[in-house]
Amino acid sequence: MLIPPKTMDKENVKAMKAVQKSGPPVVLLDRAAYNFFCDFVTADHKAGARIATDYLITFGHTRIGCMVGGPNVYTSRTRVNGYCEALAAAKIPYDDSLVYYGNYDVETGRLGLEELLKKDITAVVAGNDLMAYGIYLYAQEHHFSIPEDLSVIGYDNTPLCGLLGVPLTSIEQDGDVIARKAVEVLLERISFEKGPEPVPYQNYYFTPHIVERKSVKNLVDIDK
């Protein structure tokens, strides 16, 4: 059974353990498991956020906001970790007021940007492309320009990225590759369970990559 859990909280883990105990093999999709023993296949969310933050730093940004989902959501925690790692590597002090927690939706993009703009940010790493779209809407409503006034990087590289007035730079997770691997792992696990010896659980992380478009301003050239 392929399970893409929204969170790995106690209730979800308890439910998944019950499913696992009832018989069918379980493979977690797009989540890593630390308190639940099974195979999992996921994008490396920490690496994705670090790649996005590194990209902005390379272009001269140091006041970088980070928008994610709820604080207990696996992808939120790991992406904030990646964001922090990129800042630390560049010797940029971490400021927790630049991290905005909400939901992975358009409204969080709008509300989050309203708060983050009070912190003199020049760029935002959005938790997904819907959040980034909310940022674009807020920018349009308040008459400022992307990327001239604010640089934005999305996440998921959905078709929306190319439809926006300023095409959105975004992180691509290669979802098709991850899904195919998850099915492959599940079929292997089914065959393993018919064998005489137990086989260790397998963990697979896929590193995302950035798809460059037009939503990031180069501040390095300005400072020269």
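**Figure 1. Packing of helix 4 in the predicted model.** The buried residues of helix 4 pack against strand 4 (64-68), strand 5 (99-101), strand 6 (123-125) and helix 5 (129-141), as seen in this predicted model. The residues of helix 4 that are buried are Thr 108, Gly 109, Gly 112, Leu 113 and Leu 116. Because these residues cover an arc of only 125° around the axis, they are placed on the same side of helix 4.

**Figure 2. Surroundings of Thr 108 in helix 4.** Thr 108 belongs to helix 4, which comprises residues 106-116, and it counts as buried because its relative accessibility is 5%, below the 20% limit for that class. The side chain of Thr 108 reaches the backbone nitrogen of Asn 103 at 2.8 Å, and it also makes a polar contact, at 2.9 Å, with the side chain of Asp 105. When its neighbours within four places in sequence are left aside, Thr 108 is in contact with Met 67, Tyr 100, Gly 102, Asn 103, Leu 113 and Met 131.

**Figure 3. Ser 215 in the loop between strand 10 and helix 8.** The loop shown here joins strand 10 (209-211) to helix 8 (219-223) and contains Ser 215, a residue that is buried, with a relative accessible area of 0%. A polar atom of the Ser 215 side chain lies 2.6 Å from the backbone oxygen of Val 152. Apart from neighbours within four places in sequence, the contacts of Ser 215 include Tyr 136, Ile 146, Pro 147 and Leu 150, together with Ser 151 and Val 152. Val 166, Pro 167, Leu 168 and Thr 169 are also among the residues in contact with Ser 215.

**Figure 4. Val 216 and its contacts.** Val 216 lies in the loop between strand 10 and helix 8, and it counts as buried at 15% relative accessibility. Not counting residues up to four places away in sequence, Val 216 touches Tyr 55, Leu 56, Phe 59 and His 61, among others, and its contacts also include Pro 147, Ser 151, Val 152, Ile 153 and Thr 169. Val 216 and Pro 167, which are 49 residues apart in sequence, have a C-alpha to C-alpha separation of 9.9 Å in space.

**Figure 5. The salt bridge between Asp 39 and Arg 189.** Asp 39 forms a salt bridge with Arg 189, in which the closest N and O atoms are 2.8 Å apart. This pair links distant parts of the chain, since Asp 39 is in strand 3 (residues 39-43) and Arg 189 is in helix 7, 150 residues apart. Both Asp 39 and Arg 189 are buried.

**Figure 6. The salt bridge between Arg 110 and Glu 141.** The side chains of Arg 110 and Glu 141 meet in a salt bridge with an N to O distance of 2.2 Å. The two residues, 31 residues apart, link distant parts of the chain, with Arg 110 in helix 4 and Glu 141 in helix 5. Arg 110 is partly exposed, with a relative accessible area of 23%, and Glu 141 is likewise partly exposed, with a relative accessible area of 40%.

**Figure 7. The salt bridge between Glu 148 and Lys 217, and a salt-bridge network.** A salt bridge joins the side chains of Glu 148 and Lys 217 at 3.2 Å, N to O. This pair links distant parts of the chain, 69 residues apart, with Glu 148 in the loop between helix 5 and strand 7 (151-155) and Lys 217 in the loop between strand 10 and helix 8. Elsewhere, Lys 46, Arg 50, Asp 54 and Glu 85 are linked in a network of salt bridges.

**Figure 8. A nonpolar patch on the surface.** Leu 2, Val 183, Leu 187 and Ile 190 form this patch, and together they have about 310 Å² of accessible area. Helix 7 (residues 175-192) gives the most to the nonpolar patch, contributing 3 residues. Val 183 lies in helix 7 and is partly exposed, with a relative accessible area of 40%.

**Figure 9. The protein chain as context for the close-up views.** The protein chain has 8 helices and 10 strands, and buried residues make up 46% of its 224 residues. Of the contacts with a separation of 6 or more, 70% are between residues 24 or more positions apart. The chain exposes about 11200 Å², of which carbon and sulfur atoms supply 55%.

Conventions
Residues numbered from 1 in each chain as written. Predicted model: local features only at pLDDT ≥ 70, side-chain atom pairs only at ≥ 80, totals over all residues. Heavy atoms only, no water. Helix = DSSP H or I, 4+ residues; strand = E, 2+ residues; numbered from the N terminus. Buried < 20%, exposed > 50% of the residue type's maximum accessible area, 1.4 Å probe, protein only. Polar contact = N/O pair within 3.5 Å; in protein donor to acceptor, adjacent residues only side chain to side chain. Contact = heavy atoms within 4.5 Å. Arc of directions from axis to C-beta. Patch = residues over 30% accessible without salt bridge, like charges linked within 9 Å, V, L, I, M, F, W, Y side chains within 5 Å. Areas by Shrake-Rupley, 256 points an atom, 1.4 Å probe, with all protein chains shown as cover. Salt bridge = Lys/Arg side-chain N within 4 Å of Asp/Glu carboxyl O.
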